[in-house]
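Subject: Structure for you to look at

Hello,

Here is the structure I said I would pass on. My notes follow below it.

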Amino acid sequence: MKNKLLVLLPGILFLGSCSKDQIETYHLPAYVVNFENGFPGDTIFYEYSDKRMVTSARGTKKVRYDYDTKGRMISVSHIHDGADERPYIQNTWLNHRLVGSAMLRYDHISGEAFELISIEYQYYGDTLITKFYKDPYQGVTYLEEWQTDALGNLLTISRFYYSSFGSELVLSWSIESSFDDHPSPFSALQSKTAFDVWGTNNVLYYEKRNAEDKVIKSAEYEYVYGVHDRPVAKLMGSDTLTKYVY
C-alpha cells in the first residue's frame with residue numbers, strides 16, 4: 001500500500017501548489033483530488049479569506065459562500081457566467097448558533113424562490129442534538145438525533161420519520177462512527193455549515209444499520225498524515241480515495 005501511494009503522489013503534486021498565505025497558515029486544503037478505480041477523478045479547488053471558505057470549484061461548476069459581519073455563513077450560491085448568483089441555501093442564526101437552514105429552488109418562469117426543504121436545529125447547551133427536516137413537496141418529515149464527543153465528532157446519528165397515524169416517531173436507520181486523533185482537513189474552518197464535516201478529527205470507521213439492526217453499509221478508512229499532522233491521503237484498503245494538497 002505504501003509503495004502504491006508513493007507512485008501516485010508525483011502524479012498529484014503537479015496539479016498545483018499551495019501559496020504561502022492563509023491556506024498555509026491555517027493548513028486548509030488548496031485542492032482535493034478524488035480517485036475512481038485507482039485513477040484521479042474530480043479535483044476540487046478552494047479559495048479562502050482568513051479561516052472562511054470563499055469559493056469551491058469542480059470543473060465548470062463553482063460555488064460561492066457568503067458570510068455576515070460576525071463570520072457566520074448565511075448563504076451558498078452557484079456561480080454562473082453571465083447569470084445572477086442566486087443562493088440555494090440560506091442559513092438563520094441566533095447568536096453563535098445555527099438555528100435554521102432553507103434549501104431553495106427557483107421558478108423558471110417567475111424567477112421567484114420557494115423553499116424546497118427546511119431544517120431546524122436544536123441544542124443542549126452548545127451541542128447540536130437534533131435536526132428536524134420538512135419537505136412539503138414530497139410530504140416527508142423526519143428527525144435526526146445526533147450524539148457527539150467533546151471535540152464535536154459525530155459518534156451516532158439516528159433518523160426517525162413520523163408515522164402516517166400521528167406524531168409517533170419510527171426509526172429509519174442509525175449510523176455509528178469512530179475517529180482518529182488527528183485534525184481533519186477542514187477542521188480549521190470558522191464556519192462549516194455547508195460542508196459534509198463529521199467533526200474535528202478524521203473518520204476511521206462507520207456503520208449504518210436499518211430499523212431491524214441489520215448492517216446495510218459500512219466503511220473503514222486509513223490516512224497518511226503530513227507535516228502539519230493533517231491527512232494528505234485517505235485510503236480504503238489498498239485503494240486511495242482522496243488526496244489533500246495544502
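Arginine 64 counts as partly exposed because its relative accessibility is 24%, between the 20% limit for buried and the 50% limit for exposed. Please keep in mind that this is a predicted model. The partner of arginine 64 is aspartate 66, and their side chains meet in a salt bridge with an N to O distance of 3.0 Å. Aspartate 66 has 22% relative accessibility and so is also classed as partly exposed. Side chains of opposite charge can pair when their charged atoms come close.

The structure holds seven salt bridges. Another of them is formed by the side chains of aspartate 126 and arginine 97, at 3.6 Å from N to O. Aspartate 126 sits in the loop between β8 (113-124) and β9 (127-135), while arginine 97 belongs to strand β7, so this pair ties together parts that are 29 residues apart in sequence. How exposed are the two partners? Aspartate 126 counts as exposed, at 58% relative accessibility, whereas arginine 97 is partly exposed, with a relative accessible area of 29%.

A third pair to look at is aspartate 213 and arginine 209, which form a salt bridge with their closest N and O atoms 3.7 Å apart. Arginine 209 is partly exposed, its relative accessible area being 24%. This pair belongs to a network of salt bridges that links Glu207, Arg209 and Asp213.

Two members of that network, Glu207 and Arg209, also turn up among the contacts of serine 174. Serine 174 is part of strand β12 (residues 169-183). Its relative accessible area of 18% is under 20%, so serine 174 counts as buried. Leaving aside residues up to four places away in sequence, serine 174 touches Ile157, Ser158, Glu207, Lys208 and Arg209.

Next, the strand pairing. Strand β5 (residues 73-79) and strand β6 (residues 87-94) run antiparallel and are joined by three bridges. One position to check there is serine 75, whose bridge partner in β6 is glutamine 90. On to β7: six bridges join β6 to β7, and these two strands are antiparallel as well. Here asparagine 91 has serine 101 as its bridge partner in β7. β6 and β7 make a hairpin with two residues between them, and asparagine 95 in the turn has a positive phi of about 60°.

Strand β7 (residues 97-106) also matters for the second largest pocket, since the largest share of the lining, three residues, comes from this strand. The volume of the second largest pocket is about 230 Å³. Which residues lie closest to its centre? Of the 11 that line the pocket, they are His78, His80, Arg86, Tyr88 and Tyr106. By type, the lining divides into four nonpolar, three polar and four charged residues.

Finally, some figures for the whole protein. There are 17 strands and two helices. Of the 246 residues, 41% are buried. Counting contacts between residues at least 6 apart in sequence, 30% join residues at least 24 apart.

Regards

Definitions and conventions. Residues are numbered from 1 along each chain as its sequence is written. This is a predicted model: local features need pLDDT of at least 70, side-chain atom pairs count only at pLDDT 80 or more; totals for chains, interfaces and linings use all residues. Side-chain values use heavy atoms; hydrogens and water are left out. On a 1 Å grid over the protein atoms alone, a cavity is a set of points where a 1.4 Å probe fits but cannot get out, and a pocket is an open set with protein on both sides within 12 Å along at least five of seven lines; lining residues have an atom within 4 Å of a point. Grid points are joined across faces, edges and corners, and a volume is the space filled by probe spheres set on the points. Helices (H or I, at least four residues) and strands (E, at least two) are DSSP runs, numbered from the N terminus. Ala, Val, Leu, Ile, Met, Phe, Trp, Tyr, Cys and Pro count as nonpolar, Asp, Glu, Lys and Arg as charged, and the others, Gly among them, as polar. A salt bridge is a side-chain nitrogen of Lys or Arg within 4 Å of a carboxyl oxygen of Asp or Glu. Buried means under 20% relative accessible area, exposed over 50%, partly exposed in between (1.4 Å probe, protein chains only). Two strands pair if DSSP finds at least two bridges between them. Contact means heavy atoms within 4.5 Å.
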